[in-house]
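Reader: I would like to learn how to read a protein model, one feature at a time. Where do we begin?

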Amino acid sequence: MFTSVDDVSARLAETGYLASPAVATTVFLADRLGKPLLVEGPAGVGKTELAKAVAEIAGAELIRLQCYEGVDESRALYEWNHAKQLLRISAGRDETWDATRTDIFSEEFLLPRPLLTAIRGDDPKVLLIDETDKADVEVEGLLLEVLSDFQVTVPELGTITATRRPFVVLTSNASRELSEALRRRCLFLHIGFPDAELERRIVRLKVPELDAALAESVVRVVGALRAMDLRKVPSVSETIDWARTLLALGADTLDETVVRDSLGVLLKHQDDVLKASAKLDLDAI
């Protein structure tokens, strides 16, 4: 998919994703080595957006498995269309059970879920396993078979092996430690908060109407908030939202009134808002 690390950076930028050298290098290696990519970092730094950008570059279908507590094999891998199977059984009352069973456990009655869908077919795919750390430990067992050999075993149909491997991105907010077996199968990438220069570029790209001086002030204020001991520091997504907020308010500069009235865009807890209001010194930033 990519010819070099610089090619990754340039093509991601064309989709609106500005990547650091570390991000571009790891994406290049994941593509070249055919390895899944495990991306960790705080919420809102662009982990999911990276998978979307790669899919756009490749002209690939993005297949997303959104993990949550309680997600199981039927939601992640496949399940049988029980209603359709019952109709088929009712329609074939005069048939032997062996004949009926062979029919109802066929492709026609199979409902593929994201993991199975991603390894079937010859068209390019990007498999996004989002917020992997929110899934139960048992789900990792399903992932191990898929990510080791890119194959899925359906007892009634046999083993289905990928003819074209998808580009796989797993994201994690590190709320739960993932198993070493899963980590071994992946290349690892941590995406943290960008440095000030990269964040300025991101703001100018996503909110081009914003004045350059105001964009710089936005990044400085967000950096000061991240240095505070807050329950939830603002991420890149909040920085972009705040830049759009200031544009909507018609603000030309940052003053105490504008910042105080719009802190709810950056901070999501009242105690954080109160702490930031008391400690934030715009003159010192």
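Author: We begin with a loop, and with the reminder that this is a predicted model. E131 lies in the loop between β5 and α8 (137-149). The backbone angle to look at there is phi: for E131 it is positive, about 55 degrees, although the residue is not a glycine.

Reader: Which loop holds F150, and what is its phi near?

Author: F150 is in the loop between α8 and β6 (151-154). Its phi is near 50 degrees, again a positive value in a residue other than glycine.

Reader: Is F150 buried or exposed?

Author: Buried means under 20% relative accessible area. F150 has 2%, so it counts as buried.

Reader: Now the sheet. In what order do the strands of the open sheet come?

Author: For a sheet, read the order of the strands and then the sense of their pairing. Here five strands form an open sheet in the order β2-β5-β8-β1-β9, and the pairing is parallel. From one strand to the next the twist averages 20 degrees.

Reader: Which strands stand at the edges, and why is one side of each left without a neighbour?

Author: β2 (61-66) and β9 (187-190) stand at the edges. Each has a single partner strand, so one side of each has no neighbour in the sheet.

Reader: How many bridges join β5 and β8?

Author: Strand β5 (residues 125-130) and strand β8 (residues 167-172) pair in the parallel sense over four bridges. To place the two strands against each other, find a residue and the one across from it: V126 stands opposite F167 in β8.

Reader: What are the partners of β1?

Author: β1 pairs with β8 in the parallel sense over four bridges, and with β9 in the parallel sense, also over four bridges. On the β8 side, the bridge partner of L37 is V169. On the β9 side, E40 stands opposite H190.

Reader: Which way do the residues of β1 point?

Author: In a strand, look at the direction of each side chain in turn. L37 and V39 point one way from β1, while L38 and E40 point the other way. All four names just given are buried.

Reader: Which helix lies across these strands?

Author: Helix α3 (residues 47-58) lies across β1 (37-40), β2, β5, β8 and β9. With respect to β5, α3 runs at about 170 degrees.

Reader: How should I read a single helix, such as α12? How many residues does it have?

Author: Begin with its length. Helix α12 (residues 236-249) has 14 residues and reaches 20 Å from its first C-alpha to its last, close to the 20 Å expected at 1.5 Å a residue. After α12 comes G250, whose phi is positive, near 75 degrees.

Reader: Which residues of α12 are buried, and what do they pack against?

Author: A general idea helps first. An α-helix has 3.6 residues a turn, so residues three or four places apart point the same way. The buried residues of α12 are V236, E238, T239, I240, W242, A243, T245 and L246. They pack against α10 (196-206), α11 (212-226) and α13 (256-266).

Reader: What is R226 in contact with?

Author: R226 is found in helix α11. It is buried, with a relative accessible area of 17%. Leaving aside neighbours within four places in sequence, R226 is in contact with F193, P194, E199, V233, P234, S235, V236 and T239.

Reader: How many aromatic pairs are there?

Author: For rings, read the distance between centres and the angle between planes. The count comes to two aromatic pairs. Y78 and W80 form an edge-to-face pair, 6.3 Å centre to centre with 80 degrees between the planes. W80 and F105 also form an edge-to-face pair, 5.1 Å centre to centre with 85 degrees between the planes. This second pair links distant parts of the chain: W80 is in strand β3 (residues 78-80) and F105 is in the loop between α6 (97-104) and β4 (110-112), 25 residues apart. Ring pairs thus link Y78, W80 and F105 into a cluster.

Reader: Which members of the cluster are buried, and which is partly exposed?

Author: Y78 counts as buried at 9% relative accessibility, and W80 counts as buried at 8%. F105, at 24%, counts as partly exposed.

Reader: What sits over the ring of F109?

Author: The charged end of K84 does, 5.5 Å from the centre of the ring.

Terms used: Residues numbered from 1 in each chain as written. Predicted model: local features only at pLDDT ≥ 70, side-chain atom pairs only at ≥ 80, totals over all residues. Heavy atoms only, no water. Expected span 1.5 Å × (residues − 1). Buried < 20%, exposed > 50% of the residue type's maximum accessible area, 1.4 Å probe, protein only. Contact = heavy atoms within 4.5 Å. Pairing = 2+ DSSP bridges. Axes fitted to C-alpha atoms, helices over the stretch in contact; angles between N-to-C directions. Phe/Tyr/Trp six-rings, centres within 6.5 Å; stacked < 30°, edge-to-face > 60°. Lys NZ or Arg CZ within 6 Å of the ring centre and 35° of its normal.
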